[in-house]
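Here's a quick briefing to read with the model open beside you. It goes topic by topic, so feel free to jump around.

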Amino acid sequence: MYYRYNDINLYVEFINRNKNKNILILPGWGETFNTFYNISSYFKNYNIYIVHNIGFGNSKFPNRDLTIYNYAYVVKEFIKHNNINNLYVIAHSFGGRIASILIGKYNIKVKRLVLMDVAGFKGKSIKTKVKEIIYKVKIKLFKRKRKEIFLKYASPDYKALNENMKNTFKNIVKENLKKYYKKIKVDTLIIWGEKDSITPIKDGKKLNKLIKNSSLISFKDGSHFTYLEYFYNVNKIIECYFKD
């Protein structure tokens with residue numbers, strides 16, 4: 001189903017099971033319905049809404065730069081427009097950024113919240129800082145090879161984007177959403193992979209301290225995609241959590 005807000009045409013995969021409980025899935029950057037097949041097929045007692053983030057899947061990117069607030073606002077309006085109540089939210093990676101704003105800023109009412117290896121904390125790892133220092137030094141030494149060096153050190157996600165999306169990507173990653181995570185009062189389950197190299201486990205522990213009513217479950221050998229690597233375990237844990 002599509003929801004149009006100004007120049008943004010948001011696509012949301014809707015699985016209607018005629019139930020009075022609804023799960024909203026907020027995927028990571030570049031993820032779509034297929035990534036969440038195991039979750040959507042497992043929770044048969046819920047209607048499922050899977051957001052196709054703007055610029056991915058069936059949600060086309062507009063001809064302008066966006067911020068994380070644009071992403072969150074259009075989802076908020078979609079929820080309001082469709083009068084979705086009894087809402088349970090599952091967010092992964094980039095989806096956590098949207099969830100933090102929906103709940104911490106816009107006060108969207110949620111029954112339960114699941115945050116899996118989410119993003120939104122400003123700050124860089126030592127490894128990233130070292131790479132940036134090396135990059136800057138090489139730029140000064142080899143000005144003629146600037147493009148070649150950039151392509152070597154730029155993120156694969158970043159390189160694949162058009163100009164508007166590149167600017168949007170930069171807008172998003174520089175936002176520190178700690179203040180919104182801190183305002184979340186709903187019971188929250190945090191799931192994390194201890195070998196996550198994209199959003200490190202220290203972020204999960206930090207989140208656990210920020211959100212008052214939260215619990216953290218980590219998987220020793222899990223990466224950034226714990227919900228795919230341990231889909232049976234994760235689904236059972238979320239099922240129990242939703243049932244209180």
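Let's kick off with Asn 6, which counts as exposed because its relative accessibility is 58%. Keep in mind that this is a predicted model. Across the whole structure there are six salt bridges and 22 aromatic pairs, and a few of each are picked out below.

**Backbone oddities**
- Asn 6 sits in the loop between β1 (2-5) and β2, and its phi is near 55 degrees, a positive value in a residue other than glycine.
- Asn 18 also has phi near 55 degrees, again positive in a residue that isn't glycine.
- You'll find Asn 18 in the loop between β2 and β3 (22-26), where it is exposed at 68% relative accessible area.

**Salt bridges**
- Asp 7 pairs up with Arg 64, with 2.8 Å between the closest N and O atoms. Asp 7 is in the loop between β1 and β2, while Arg 64 is in the loop between β4 and α2 (68-81), so this bridge ties together parts 57 residues apart in sequence.
- Both ends of that bridge are partly exposed: Asp 7 has 32% relative accessibility and Arg 64 has 31%.
- Asp 187 bridges to Arg 112, the closest N and O atoms being 3.9 Å apart. Since Asp 187 lies in the loop between α8 and β7 and Arg 112 in strand β6 (residues 112-116), the pair links parts that are 75 residues apart in sequence.
- Here the two ends don't match: Asp 187 is partly exposed at 34%, whereas Arg 112 is buried at 15%.
- Glu 239 and Lys 236 form a salt bridge at 3.4 Å, N to O. Both residues belong to helix α11 (residues 231-242) and sit three residues apart, about one turn of the helix.
- Shared partners then join Lys 236, Glu 239 and Lys 243 into one salt-bridge network.

**Aromatics and charges over rings**
- Phe 14 and Tyr 49 make a stacked pair, 4.5 Å centre to centre with 20 degrees between the planes. Phe 14 is in strand β2 (residues 8-15) and Tyr 49 in strand β4 (residues 47-52), so the pair connects parts 35 residues apart in sequence.
- Phe 14 is partly exposed at 32% relative accessible area, but Tyr 49 is buried at 8%.
- One aromatic cluster takes in Tyr 42, Phe 43, Tyr 46, Tyr 88, Tyr 241 and Phe 242.
- Two rings of that cluster have a charged residue over the face: Lys 21 lies over Tyr 46, at 4.6 Å from the ring centre, and Arg 112 lies over Tyr 241, at 5.7 Å.

**Burial in helix α7**
- The buried residues of α7 (residues 163-173) are Met 165, Lys 166, Thr 168, Phe 169 and Ile 172. They end up on the same side of α7 because they cover an arc of only 160 degrees around the axis.

**Surface and loops**
- Ile 198, Phe 225 and Leu 228 make up a nonpolar surface patch, with about 250 Å² of accessible area together.
- Phe 225 belongs to the loop between β8 (214-219) and α10 (226-229) and is partly exposed at 31% relative accessibility.
- Lys 185, in the loop between α8 (178-182) and β7 (188-193), is exposed at 58% relative accessible area.
- The C-alpha atoms of Lys 185 and Asn 213 are 6.4 Å apart, although 28 residues separate the two along the chain.

Note on methods:
Residues are numbered from 1 along each chain as its sequence is written. This is a predicted model: local features need pLDDT of at least 70, side-chain atom pairs count only at pLDDT 80 or more; totals for chains, interfaces and linings use all residues. Side-chain values use heavy atoms; hydrogens and water are left out. Patches are made of residues with over 30% relative accessible area and no salt bridge: like charges are joined within 9 Å, nonpolar side chains (Val, Leu, Ile, Met, Phe, Trp, Tyr) within 5 Å. Accessible areas come from the Shrake-Rupley method with a 1.4 Å probe; for residues, only the protein chains shown count as cover. A salt bridge is a side-chain nitrogen of Lys or Arg within 4 Å of a carboxyl oxygen of Asp or Glu. Helices (H or I, at least four residues) and strands (E, at least two) are DSSP runs, numbered from the N terminus. Buried means under 20% relative accessible area, exposed over 50%, partly exposed in between (1.4 Å probe, protein chains only). The arc is that of the directions from the helix axis to the C-beta atoms. Rings of Phe, Tyr and Trp (its six-membered ring) pair if their centres lie within 6.5 Å; planes under 30 degrees apart count as stacked, over 60 as edge-to-face and the rest as tilted. A charge sits over a ring if NZ of Lys or CZ of Arg is within 6 Å of the ring centre and within 35 degrees of the ring normal.
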